[in-house]
Amino acid sequence: MEYPPDNLLIGKILGGDLQSFREITDRYHKMVINTCIGFLHSRQDAEDIAQEVFIEVFSSLKHFRKESKLSTWLYRIAINKSLNQVRKNKRWRWIQSIEDVFTQGIHYTAVGADGHSADADIENRQQRGILFNALNSLPENQRIAFTLNKYDELSYKEIAGIMNVSLSFFESLIHRAKKNLQKKLIHFYEKR
Amino acid sequence: MNCIDLKKKLIFLVNGDFSSEEEKIALSHLDMCDRCRTLFEKLKTEWQDIENDKIKGEDKFFVNRVMKRIEAEESKQNSLISLPVIRIVKTVALSLISAAAILTGIILGAKFSIQFTNPAEQGYPETEAFVNEYFLDELQEENIESILFTQNKE
């Protein structure tokens, strides 16, 4: 089945055709959600941000200059919104850590109906948190490079286009990202 | 390949960035080294977590959720009371409440203030007697001054 090209759909959306917008959303939502998951590591947050991406596309489509592909534009919006959310989450965690001082950091562990505590789930999440913390600690450019490569499975050339850098610069960036990530992970494993 | 060399490149092995020859050498080292193999397995698990995080299928209802939010945003913008008006009303209301609070404070303060008066006027005879005994009033000072002036002249 042949899908209409993006430029045709864009023209129709600008003419007020909502069905074309639904088609664009349908076509790219998985890609946008996976990009957001790469930064936020929470499906719920990623979905919320992905919705905001498409809302922004709907309101700003008239400003889209068509100098790049629509998917490139979508990736850039998704990255910006995800990174903004990451910064917001960091501020919120800082506030919660102050709250912990007053509540003495008391946390209650949920116990399921079968009496099994949620500790196992917490440990599992903590284990996964090691990778996410390591990713979060990368410099922004390296983080974007790694996320687009790993979560979106884009080619180096495509990612360099999205990030507006040369291919050689991107190759060096992704190499440094992987090395830094490995350093942090291995340092953590060897400490345990 | 020794442990130090392999540890520097482990992530590239996990990611499949090695050439087939390099991979062969690395895997044969892993067969012999428990420590490196443990690290390799842990990194591989992390990589698998990334794959598990991604959504695989299409979400048929995502589009509906987006359209609902767009409709909600549009109806908010079209509402009679627009956002700037709400902001102005909020600011004015807060200012009026603050002014009323300050005024209330002033009125209450004026009503219940303590009056400070001259104790002598309130009539404290003991104090008056003490003052009269140990301190000269102006009339008494005049006599003493005239005596002193006369003495100096002499």
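Here is a walk through a two-chain model, from the overall make-up of each chain to a few residues and then the interface. Keep in mind that the model is predicted.

Let's start with chain A. Chain A has eight helices and zero strands, so a DSSP reading from the N terminus just gives α-α-α-α-α-α-α-α. Of its 192 residues, 42% count as buried. If you look at the contacts in chain A with a separation of 6 or more, residues 24 or more positions apart account for 60% of them.

Chain B can be read in the same way. Chain B also comes out with eight helices and zero strands, and its pattern along the sequence is α-α-α-α-α-α-α-α. Buried residues make up 19% of the 154 residues in chain B. For contacts in chain B between residues at least 6 apart in sequence, 56% join residues at least 24 apart.

Now zoom in on chain A, beginning with helix H1, residues 6-14, where A:Leu9 lies. A:Leu9 counts as buried because its relative accessibility is 1%, and buried means under 20%. What is A:Leu9 in contact with, once its neighbours within four places in sequence are left aside? The list is A:Pro4, A:Ser20, A:Glu23, A:Ile24 and A:Arg27. One of these partners, A:Ser20, is 11 residues from A:Leu9 in sequence, with 5.5 Å between the two C-alpha atoms.

Next comes helix H3 of chain A, which covers residues 43-60 and has 18 residues. From its first C-alpha to its last, H3 reaches 25 Å, close to the 26 Å expected at 1.5 Å a residue. The buried residues of H3(A) are A:Ala46, A:Glu47, A:Ile49, A:Ala50, A:Gln51, A:Val53, A:Phe54, A:Ile55, A:Val57 and A:Ser60. As you scan that list, it helps to recall that an α-helix has 3.6 residues a turn, so residues three or four places apart point the same way. Hold on to A:Glu47, which is one of the buried residues in H3(A), for the interface below.

Further along chain A, A:Gln142 has its place in helix H6. Is A:Gln142 buried or exposed? Its relative accessibility is 6%, so A:Gln142 counts as buried. Leaving aside neighbours within four places in sequence, A:Gln142 is in contact with A:Leu173, A:Arg176, A:Ala177 and A:Asn180.

Over in chain B, B:His29 lies in helix H2, residues 20-32. B:His29 is buried, with a relative accessible area of 9%. Apart from neighbours within four places in sequence, B:His29 is in contact with B:Met1, B:Asn2, B:Cys3, B:Leu6 and B:Cys36.

That last partner leads to the cysteines. B:Cys36 counts as buried, at 4% relative accessibility. Why does B:Cys36 have no bond to the closest cysteine sulfur? That sulfur is in B:Cys33, 3.5 Å away, which is too far for a bond, because the cut-off for a disulfide is 2.5 Å. Over all chains, the count of disulfides comes to zero. In chain A, A:Cys36 counts as buried too, at 0% relative accessibility.

Finally, let's see how the two chains meet. Chain A and chain B bury about 3,600 Å² between them, with 60% of it on carbon and sulfur atoms. On the chain A side, A:Lys150, A:Gln182 and A:Tyr189 lose the most area to chain B, together 17% of what that side buries. The contact takes 38 residues from chain A and 34 residues from chain B.

As for polar interactions, the count between the chains is four salt bridges. In one salt bridge, the side chain of B:Arg65 meets that of A:Glu47, at 2.9 Å from N to O, and here you can pick up A:Glu47 of H3(A) again. Across the interface, 17 residue pairs are in polar contact. Which helices of chain A each supply at least two residues of the side that touches chain B? They are H2 (18-40), H3, H5 (119-136), H6 (140-150) and H8 (167-191). The largest share of that side, 10 residues, comes from H2(A).

Conventions. Residues numbered from 1 in each chain as written. Chains lettered and ligands numbered in written order. Predicted model: local features only at pLDDT ≥ 70, side-chain atom pairs only at ≥ 80, totals over all residues. Heavy atoms only, no water. Helix = DSSP H or I, 4+ residues; strand = E, 2+ residues; numbered from the N terminus. Expected span 1.5 Å × (residues − 1). Buried < 20%, exposed > 50% of the residue type's maximum accessible area, 1.4 Å probe, protein only. Contact = heavy atoms within 4.5 Å. Buried area = accessible area lost by both parts, 1.4 Å probe. Polar contact = N/O pair within 3.5 Å; in protein donor to acceptor, adjacent residues only side chain to side chain.
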